[in-house]
Amino acid sequence: MHVSEHIIDIRYAETDQMGVVYHANYVIWLELGRTKLIGDLGLSYIQMEQDGIVSPVLDLQVTYRKAMRYGEKAIVKTWIEAVNPLRVVYGYEILNEKGELCITASTTNILVKKDTFRPVSFKKLYPDWYEIYVREQKNENIN
C-alpha cells in the first residue's frame, strides 16, 4: 500500500477568528493529497479530464482531533482505502510537524462523464489505472 505525503505551509488566510485552521480548508487539503497520490502512482487526473471524465466526491467523512494554526506545517497522508469497479475510497490523515494526528478523513469517489454526469465503470474505462488501485489498496472489499 502506497501512502503519499504532501506538506502544506499553513497560511494566515486559512485560519479563522480563533486563530485555527478554518474547517473547510481541510477539504481542499484532502484534494491536494488525492492529486499527489494519483501522480505518485504514475497516473494523470488531467488526462482523465481531457477524456471527458471527472471524479466527484460522493461522501466525505472528517474527524477533527487537534487544532492546527498559522505557521505550522500540515502533513497530508493519502492512500487508497478500498476500490471496486464503481467506487474508490481514499483514506487520509493530516498531522502537524510534531507528528501529532490532527485530522482523519475519507472520501468516496466515482467516475462520471463530464457532460452528462452519468456514472461509468472505473474498471472498464481505465483498466490499467484500476489494476494499480487494486494492487495498492489497503482493504480488499467495499460495498
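# Two open sheets and their strands

User: Which residue of strand 8 stands opposite Val 112?

Analyst: This is a predicted model, in which local features need pLDDT of at least 70 and side-chain atom pairs count only at pLDDT 80 or more, while totals for chains, interfaces and linings use all residues. Residues are numbered from 1 along each chain as its sequence is written, and side-chain values use heavy atoms, with hydrogens and water left out. Strand 7 (residues 111-113) and strand 8 pair in the antiparallel sense over two bridges, strands being DSSP runs of E with at least two residues and helices runs of H or I with at least four, numbered from the N terminus. Within strand 8, the residue opposite Val 112 is Pro 119.

User: Which strands stand at the edges of the sheet that contains strand 7?

Analyst: Strand 7 belongs to an open sheet of three strands with antiparallel pairing, in the order 2-7-8, where two strands count as paired if DSSP finds at least two bridges between them. One side of each edge strand is left without a neighbour in the sheet, because each has a single partner strand; the two are strand 2 (53-54) and strand 8 (119-120).

User: What is the average twist from one strand to the next in the sheet of five strands?

Analyst: This open sheet has antiparallel pairing and the order 1-4-5-6-3. Strand 1 (4-9) and strand 3 are the edge strands, each pairing on one side only. From one strand to the next, the twist averages 20 degrees.

User: What angle does the direction of helix 1 make with that of strand 1?

Analyst: Helix 1 (residues 24-40) packs on the sheet and touches strand 1, strand 3, strand 4 (73-83), strand 5 (88-96) and strand 6, contact meaning heavy atoms within 4.5 Å. Axes are lines fitted to C-alpha atoms, for helices over the stretch in contact, and angles run from 0 to 180 degrees between N-to-C directions. For comparison, helix 4 (residues 127-136) lies across strand 4 and strand 5 and runs at about 105 degrees to strand 4. The direction of helix 1 makes with that of strand 1 an angle of about 140 degrees.

User: Which residue of strand 6 is the bridge partner of Leu 60?

Analyst: Leu 60 is placed in strand 3 (residues 57-64), which runs antiparallel to strand 6 (residues 101-109) and is joined to that strand by seven bridges. Asp 59 also faces strand 6, standing opposite Thr 108. The bridge partner of Leu 60 in strand 6 is Thr 107.

User: How many of the nine residues of strand 6 are buried?

Analyst: Buried means under 20% relative accessible area and exposed over 50%, with partly exposed in between (1.4 Å probe, protein chains only). Leu 101, found in strand 6, is partly exposed, with a relative accessible area of 31%. Strand 6 is largely enclosed by the rest of the structure, because the buried residues number seven of the nine.

User: What is the phi of Gly 99, in the turn between strand 5 and strand 6?

Analyst: Strand 5 and strand 6 run antiparallel and are joined by eight bridges, with Glu 93 standing opposite Thr 104 in strand 6. The two strands form a hairpin with four residues between them, and Gly 99 in the turn has a positive phi of about 85 degrees.
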